[in-house]
Amino acid sequence: MKYLFLFFTSLVASLVSSCNKQDDPLDKFYWGEVTALKNGSAWEGRPRCLIDKPYEQGIDFIFEMFNEQKFHRDNLFFFKIPNNIGNYQLSITEIRDIDSLQGATYHTSIDDGTSGDSYNLLNGIVDNQIIIDRKEGDELWGTFQAAFVKDTTYMPEDPLSPDTVIFTNGRFHTKLLKE
């Protein structure tokens, strides 16, 4: 009886300790950390870095924010960034364009992650740039800042979203993920 009691006690203890280790299903898609001020308020995202597809014009940084229920809230996307240490000025370009320009977009989500509003790069507010400060193997560290204006080509999805979004004091540490 004593051994049975010890067995059940150790079983319960191991179950309780494993419950504290909450595996996040998003961890397999993201690696590292990214923080910034978004319109002056703290913003924290989940970073992902991939080879730019389909033309392999550098790498793409996808910084996404989720709420506590794991619903997607927004997406900050830098594309066609050279995979080298350097300061890269952001331009108004498309990811599909074959050119030497680096670009960025911002998108919001509403409700359960349904597509919200799209934003385009806005010049003249801040120096739109992403800087890769350090690189070790596939790991990358850097900073960024960028301003965006709501795309009015389509009807706004979220009437409460601001007309402009400005990211400042952005910092990231991520690594190039293999697909």
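# Getting to know the rings, strands and loops

User: Is Phe148 buried or exposed?

Analyst: This is a predicted model, so everything here is read from predicted coordinates. Phe148 has a relative accessible area of 0%, and buried means anything under 20%. That makes Phe148 buried.

User: How many aromatic pairs are there by this rule?

Analyst: Two rings pair up if their centres lie within 6.5 Å. Counted that way, the number of aromatic pairs is 14.

User: What kind of aromatic pair do Trp43 and Phe167 form?

Analyst: The ring centres of Trp43 and Phe167 are 5.2 Å apart, and the planes sit at 80° to each other. Planes over 60 degrees apart get their own label. So Trp43 and Phe167 count as edge-to-face.

User: How many residues apart in sequence are the parts that Trp43 and Phe167 tie together?

Analyst: Trp43 belongs to strand β2 (residues 41–51), while Phe167 belongs to β10. Both rings are tucked away: Trp43 is buried at 5% relative accessibility, and Phe167 is buried at 0%. Because the two rings sit in those two strands, their pair links parts of the chain whose separation in residues is 124.

User: And what sort of pair do Tyr106 and Phe148 make?

Analyst: For Tyr106 and Phe148, the centres are 6.1 Å apart and the angle between the planes is 35°. Stacked needs under 30 degrees and edge-to-face needs over 60. An angle of 35° fits neither, so the Tyr106 and Phe148 pair is tilted.

User: Which strand holds Phe148?

Analyst: The partner, Tyr106, lies in strand β6 and is buried, with a relative accessible area of 1%. The Tyr106 and Phe148 pair ties together parts that are 42 residues apart in sequence. Phe148 itself is in the strand covering residues 139–150, namely β9.

User: Which residues do ring pairs link into a cluster?

Analyst: Some familiar names come back here. Ring pairs join five residues into a cluster: Trp43, Tyr106, Tyr119, Phe148 and Phe167.

User: Which strand gives the largest share of the largest nonpolar core?

Analyst: The largest nonpolar core has 26 residues, and Phe61, Phe78 and Phe144 have the most contacts inside it. One strand supplies four residues, the largest share of this core: β9.

User: How many residues are in the second core?

Analyst: Let's start from Phe78, which, beyond its close sequence neighbours, contacts residues including Phe61, Phe63, Leu90 and Phe144. The second core is separate and includes Phe77, Phe79, Ile95 and Leu177. Its residue count is six.

User: Which residue in the turn between β8 and β9 has a positive phi?

Analyst: Strands β8 and β9 run antiparallel and are joined by seven bridges; one facing couple is Ile131 and Thr143. They form a hairpin with two residues between them. The turn residue with a phi of about 65° is Gly137.

User: How many bridges join β5 to β8?

Analyst: Strand β8 (residues 129–136) also runs antiparallel to β5. Across that pairing, Gly86 stands opposite Ile132. The number of bridges joining β5 to β8 is four.

User: Which residue does Asp117 meet in a polar contact between side chains?

Analyst: Asp117 is in strand β7 (residues 114–121) and is buried at 4% relative accessible area. Beyond its close sequence neighbours, Asp117 contacts several residues, among them Tyr106, His107 and Lys150. The side-chain polar contact spans 2.6 Å, and the partner is Ser161.

User: Is Asn169 buried or exposed?

Analyst: Asn169 sits in strand β10 (residues 164–175) and has a positive phi of about 50° although it isn't a glycine. Its relative accessibility is 56%, and the cut-off is over 50%. So Asn169 counts as exposed.

User: What is the phi of Lys70?

Analyst: Lys70 lies in the loop between β3 (59–66) and β4 (72–81). At 41% relative accessibility, Lys70 is partly exposed. It isn't a glycine, yet its phi is positive, at about 70°.

User: How far apart in space are Glu94 and Phe79, C-alpha to C-alpha?

Analyst: Glu94 lies in the loop between β5 (86–89) and β6 (103–110) and is partly exposed at 40%. Leaving out close sequence neighbours, Glu94 touches Phe79 and Lys80. Glu94 and Phe79 are 15 residues apart in sequence, and their C-alpha distance is 8.8 Å.

Definitions and conventions: Residues are numbered from 1 along each chain as its sequence is written. Side-chain values use heavy atoms; hydrogens and water are left out. Buried means under 20% relative accessible area, exposed over 50%, partly exposed in between (1.4 Å probe, protein chains only). A polar contact is a pair of N or O atoms within 3.5 Å; within protein, one must be able to donate a hydrogen and the other to accept it, and residues adjacent in sequence count only if both atoms are side-chain atoms. Contact means heavy atoms within 4.5 Å. Rings of Phe, Tyr and Trp (its six-membered ring) pair if their centres lie within 6.5 Å; planes under 30 degrees apart count as stacked, over 60 as edge-to-face and the rest as tilted. A nonpolar core is a set of buried Ala, Val, Leu, Ile, Met, Phe, Trp, Tyr and Cys residues joined through side-chain atoms within 4.5 Å. Two strands pair if DSSP finds at least two bridges between them. Lists of a residue's contacts leave out its neighbours within four places in sequence.
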